[in-house]
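Trainee: I'd like to learn how to read a structure feature by feature. Could you take me through one?

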Amino acid sequence: MELARTLKRLWHRRRLVGLGALLAAIAAIFSVYQVGLLPPSLHSRTNVFATASTQLLVDTPASSFADIANDIEPLDARAGVFARFLASPVAISLIAREAKLPADAIEAQGPFELNVPEVQQGPTADRRSTQIVGEGALYRLRFENNPSLPIVTIFAQAPSEDEAVTLATAVPVALRAYIDRIQAQQQIPAKRRVVIRRLGKATGGVVNQGANLQIATLVFIVVLGVWCLLLIPAQTIARGWREIGGDGGGWAPNGSGSNGARNGHGRGRDVSRAEHERQRAR
Amino acid sequence: MEAKALPLDGPSGVDAWPRTRRPLPWLIAAFLASIFLLPVDGIHPKVSLPFSSDFDRFFVAVIVAAWAMGSLFARRQRIVRLRSRGWAAATIAFLLIAVTSIAINIDRITNLGEWEVAQKRLAVLIALGALFAVVALTLRVAELRPFAVLIVVLATITGLGTVYEKQTGNNVFYDTAAKVFAPVAEVDPSPTEINPAWDRGRPTITGPTRHGLSVTSILSMALPFALVLAATATRTRRRLLWIAAACIIVTGALATQRKSGAVIPAFVLLTLFALRPRQLLRLAPYGVIALALALAVAPGVFSSVQEFGHADSRTSTAGRTTDYPAIVPDLLSHPLLGRGYGTLDSERADTYRVLDNEYLGEVFQVGGLGLLAFLAMIVTPLFVVRSVLQSDSPMRGPPALAAAAGCLAFGVACGLYDILSFPQAPYLFLIMAAMCVCAASVEVPAGETVVEDPRAAYAAATS
């Protein structure tokens, strides 16, 4: 009954509800678009993003992959070091050059520590500060490494699938180039060199087609709902204001002293009725 | 002492649950039963709907649809219920702030891939708000006591099931749900683990929930109902029955071996003693006997209390204290409206901490304004119901007192873990908040005219 009564009251004020719908539509547009006036333009605030992933294997020139005699433990440790190195500014600038992107547009996070207590897993204030600074970056890299395997997994995020694949592909290339340079500088014998092998091509896809419609709908419903909720008490206040004017400025506490027959709105009559019912029930 | 403005008990005793054919109270009772007996967040219907189709949200959607249909097509009611001013203001404000926080941060949220999880959490929040509104609009004063009895009965069953789980390792709630819902839904496996490896910490005893703290919360929130019913029982046999129920509920909470299992019930007891000392003191001798019996028969039941000095417990406390400095950068970068409701995804442990405190979680997600609205949401039912807390009317006073203590227990539990991550306790809290609103409402015969201004009428009727 209360819903029906509320809907009926809103129907009587349908022009104001219409105005609320207009305001809600404007709020919905502003929630998902940046509106430019000169020249008139709409830029989406939500980002479509795609991801791609690939893996790289830290190996020996003769490949310990197939040779049971080769101990892979030293390679596990190196993979851990490389995974951390890849999140460093030096590595990011190399990756950015390889992917033909500006270095400051890329945000990278190193491997997450798995074998530590839960309390120590969460980021500290210092780490969060760094993460917050990089939250706006459209190109993102995340590296994962299992401490018992010589493999680094690369996850790349970019505004399109092609860019995500390019970014993921750039990582092993950049790392290989960096290590080759060091090996050449230090004149390390060929059989003692670490080799970076990419385990297949990077694959990816679009993850999120954008949230414009969902957010805009949500904002529209909420703004219109709140407008309608406020409309009824606002009308009551406005009516009370008019009543005070009609009474020559007098004020009846809780409306109980006003006379419904006199003000013509029925409010005083209904309040008196409630009081009357109360007395009768006693 | 009688309250200054005792609302009318009204003529609502005629058609009241359980002696009613109105479908809504039955649906609400069924939902309450599902909170206490089913892993509501672990049941996934095998149907694909355009909106979130998890069991609890599906159930709430059915309740809201039934209410809307009833409101639009029902005959004119014989009574009009007048509710206290602003009874839903805090909930609406919190919902509004939650949506605003997401809308403002949407560019960052989508960029970090957090929209999916935020969307799910928002759907739960909307379901919570809708349930609160429908229950507050539906319940009648004469239905408060039967619902209080229902809560105690359900909590007693949950308590027994949790104790059984601790003893045997079998989670009857998950097992039964898996069998019953097999044709229509998939049920997650039970997280129960009574003998964990030495490095896995405490046993996992969860009852119908996903976490021991969650079952502890719902049992603790139900405890005041059992105590109040015991305190107001006129016959000794009834009183003993309610005390036995209270003991089972406390035992169930302690069986989870969480500190909260001792902290929240203790807080509930203190609250009730503070509000109605004379009535509750009557129960003291029974309490002493129950305690002595428990110590003699099953001393292990108090292992939760021993948890205070346990090494694992100290680690948990250290984890809580390290949360405070760790979230400072986020608070400083988004002080007013936070990072966006529902974006604190504890699955992403490399980015976000598991904040063992809902208040911290709220200030992190919805900022200072959101935290204020969240606090207001907890306090509003207490503020609304204050006029009937001391009432001797058996239909209003005892259920109001129990519901208010239950809401306070929720407020305490919020300080102990991320309570909104598990839906049972928030659903129960909002049902109790709705009971508070109902207890303070005024029921007047509708007569031939409709009350045009319910707020003024409520003020007049309670003045």
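Trainee: Which residues does Leu154(B) touch, not counting residues up to four places away in sequence?

Mentor: Keep in mind that this is a predicted model. Leu154(B) touches Leu32(B), Ala33(B), Phe36(B) and Leu37(B). As for its own place, Leu154(B) sits in helix H6 of chain B, residues 141–168.

Trainee: Is Leu154(B) buried or exposed?

Mentor: Count neighbours: 20 or more other C-beta atoms within 10 Å makes a residue buried. Leu154(B) has 20 of them within 10 Å, so it is buried. You can also look along the chain: Ala245(B) is 91 residues apart from Leu154(B), and their C-alpha atoms are separated by 10.0 Å.

Trainee: How does chain B look as a whole?

Mentor: Its secondary structure comes to 19 helices and four strands. Of the 463 residues in chain B, 54% are buried. Taking the contacts in chain B with a separation of 6 or more, 81% come from residues 24 or more positions apart.

Trainee: How do I describe two packed helices?

Mentor: You give the angle between their axes and the distance between the axes. Try helix H16 (residues 358–385) and H18 of chain B: their axes come within 8 Å and cross at roughly 25°. That angle makes H16(B) roughly parallel to H18(B). On the H16(B) side, the contact is made by Pro381(B), Val384(B) and Val385(B), and on the H18(B) side by Ala433(B), Cys436(B), Val437(B) and Ala439(B). The crossing of H16(B) past H18(B) is left-handed.

Trainee: What span should helix H18 of chain B have, and how far apart are its end C-alpha atoms?

Mentor: Use 1.5 Å a residue: the 16 residues of H18(B), 424–439, should span 22 Å, and the end C-alpha atoms are 22 Å apart, which agrees. Burial is a separate check: 16 of the 16 residues of H18(B) are buried, so the helix is largely enclosed by the rest of the structure.

Trainee: Okay, strands next. Which strands does S5 of chain A pair with?

Mentor: Follow the bridges. Four of them join S4(A), residues 106–109, to S5(A), and that pair runs parallel. Glu107(A), for instance, has Arg140(A) in S5(A) as its bridge partner. Six bridges join S5(A) to S6(A), residues 151–158, and here the strands run antiparallel. In that pairing Phe143(A) stands opposite Ile154(A) of S6(A). S5(A) and S6(A) form a hairpin, with five residues between them.

Trainee: How many of the residues of S5(A) are buried?

Mentor: Six of the seven, in the strand covering residues 139–145, so S5(A) is largely enclosed by the rest of the structure.

Trainee: And what should catch my eye in the backbone angles?

Mentor: Most residues other than glycine have a negative phi, and most peptide bonds are trans. Lys100(A) has a positive phi of about 60° although it is not a glycine. Its place is the loop between helix H4 (89–99) and S4 of chain A, and with 10 C-beta neighbours inside 10 Å it counts as exposed. Gln187(A) also has a positive phi, near 50°. Gln187(A) lies in the loop between helix H7 (161–186) and strand S7 (195–198) of chain A, and its 6 C-beta neighbours inside 10 Å make it exposed.

Trainee: Where is a cis peptide bond found?

Mentor: Between Trp17(B) and Pro18(B), with omega about 5°. Pro18(B) is in the segment before helix H1 (23–37) of chain B.

Technical notes
Residues are numbered from 1 along each chain as its sequence is written. Chains are lettered from A and ligands numbered from 1 in the order in which they are written. This is a predicted model: local features need pLDDT of at least 70, side-chain atom pairs count only at pLDDT 80 or more; totals for chains, interfaces and linings use all residues. Helices (H or I, at least four residues) and strands (E, at least two) are DSSP runs, numbered from the N terminus. The expected span of a helix is 1.5 Å times one less than its number of residues. A residue is buried if 20 or more other C-beta atoms lie within 10 Å of its own, exposed if 12 or fewer, and partly exposed in between; C-beta atoms are placed from the backbone. Two strands pair if DSSP finds at least two bridges between them. Axes are lines fitted to C-alpha atoms, for helices over the stretch in contact, and angles run from 0 to 180 degrees between N-to-C directions. Angles under 35 degrees count as roughly parallel, over 145 as roughly antiparallel, 65 to 115 as roughly perpendicular and the rest as oblique. A crossing is left-handed if the near helix is turned anticlockwise from the far one by less than a right angle, and right-handed if clockwise. Two residues are in contact if their C-beta atoms, placed from the backbone, lie within 7 Å.
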